[in-house]
Amino acid sequence: MTEMTVPWQKTLASWWESYVRRFWGRDEETDYHVRLKVAHTARVRNIARQLMHPRELPAQELALVDVAALLHDVGRFPQYWQYRTFRDLLSVDHADLGAKTLDEEGVWQWLPPEAAVVLRQAVVWHNKRALPPEAAGAAWLPAQVVRDADKLDIFDMLTTDKEYRMPPTDGISQAGGVSEEIADMVAAGRLGLPAQVKTAADQQAFRISWVYDLNTVEAVRYVDRAGFLPLMLAALPEGEAKVRIGQAVEACVKRRLATEA
Ligand SMILES: [Fe+2]
């Protein structure tokens, strides 16, 4: 578990515990989905801490990254409660709902004002297609790291044999290959588009393309060390698309490992 050395870090962590408790006990289906997000949140915190470990950051900055990871999916709980799905397209943007929930809960009053601004944006931005250009600076590190840790947890879910392995998404066909459209994008070094995802193979290619959107070199190293790419690529159907995508993403990781200190 994360060591907590900053007072507001403890306050937010105990708020989160009691907040989540409200969503337990409605029915089995809800409990199951609450459990998924509690476990995901714990893993994302853990990954975020691992990513930042080599930087030896001051306690305040580490606390910001940790609390961003803790809060990022706060919107998942009311989303499932109200809509019985985690699919934003069928319900609500869970990041925006999370920020709104945090506003209503009055959590920002426990934080220094600058910390509140950074954390609120980290929540709002965590699921958006890209971070806005203004989020590139060091002040927005928590937003950058949470996006990376969230993606790394999904890579882990896609490749693990453990019980948290990613289940198939409702409404996405297991049959069929990678479409030409998405293969071209990913082979060209670009993020896929959610609208291009028609089959499970498209979805896999789309998720593999997230490798292009890692903010920190520590996250690229994590991908490399964990061996996520070969495992994720192995799940693509055999063919030309698989080869092209594999070459492009592997080259991207190699280049970043070679050029970034
Ligand atoms: Fe999320």
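## A tour from the iron site to the domain boundary

Start at the metal: select the iron ion and you will find its protein donors, D73 (OD), H94 (NE2) and H126 (NE2), at 2.0 to 2.2 Å from it. Keep in mind as you look around that this is a predicted model. Along the chain, the donor residues follow the spacing D-x20-H-x31-H. Now colour the elements around two of them. D73 sits in the loop between α3 (59–71) and α4 (76–83), while H126 sits in the loop between α6 (113–125) and α7, so this pair ties together parts that are 53 residues apart in sequence.

**Next, select R22 and E105.** These two residues form a salt bridge, with their closest N and O atoms 2.9 Å apart. E105 belongs to helix α5 (residues 94–105) and R22 to the loop between α1 (7–21) and α2, so here the pair ties together parts that are 83 residues apart in sequence. If you enjoy hunting for such pairs, the structure holds 18 salt bridges.

**Now zoom out and colour by domain.** Give one colour to residues 1–167, which are assigned to domain 1, and another to residues 170–261, assigned to domain 2. The C-alpha centres of the two domains are 24 Å apart. Where they meet, 21 residues of domain 1 are in contact with 20 residues of domain 2. Between them the domains bury about 1900 Å², and 65% of that is on carbon and sulfur atoms. Which residues of domain 1 lose the most area to domain 2? Select R129, D148 and F155: together they account for 33% of what the domain 1 side buries.

**Stay at the boundary and show the side chains.** How many salt bridges run between domain 1 and domain 2? The count is 3. For a charged pair to inspect, pick K151 and D213, which form a salt bridge whose closest N and O atoms are 2.9 Å apart. Between the domains there are also 8 residue pairs in polar contact, both partners at pLDDT 80 or more. On the domain 1 side, α2 (28–52) and α7 (141–159) each supply at least two of the residues that touch domain 2. Highlight α7 in particular, since the largest share of that side, 11 residues, comes from this helix. Colouring the touching side of domain 1 by residue type gives 11 nonpolar, 3 polar and 7 charged residues.

**Last stop: T169.** You will find this residue in the loop between α7 and α8 (180–187). Which residues does T169 contact once its neighbours within four places in sequence are left aside? They are R87, Q203 and R207. Show the side chains of T169 and Q203 to see the polar contact of 2.8 Å that joins them. Then draw a C-alpha to C-alpha distance from T169 to A200: your viewer should give 8.1 Å, for two residues 31 apart in sequence.

Notes: Residues are numbered from 1 along each chain as its sequence is written. This is a predicted model: local features need pLDDT of at least 70, side-chain atom pairs count only at pLDDT 80 or more; totals for chains, interfaces and linings use all residues. Side-chain values use heavy atoms; hydrogens and water are left out. Domain bounds come from an automatic or database domain assignment. Contact means heavy atoms within 4.5 Å. Buried area is the accessible area (1.4 Å probe) that two parts lose on being put together, summed over both. A salt bridge is a side-chain nitrogen of Lys or Arg within 4 Å of a carboxyl oxygen of Asp or Glu. A polar contact is a pair of N or O atoms within 3.5 Å; within protein, one must be able to donate a hydrogen and the other to accept it, and residues adjacent in sequence count only if both atoms are side-chain atoms. Helices (H or I, at least four residues) and strands (E, at least two) are DSSP runs, numbered from the N terminus. Ala, Val, Leu, Ile, Met, Phe, Trp, Tyr, Cys and Pro count as nonpolar, Asp, Glu, Lys and Arg as charged, and the others, Gly among them, as polar. Donors are N, O and S atoms within 2.8 Å of the metal (3.2 Å for Na, K and Ca); water is not among the atoms, so sites may look incomplete.
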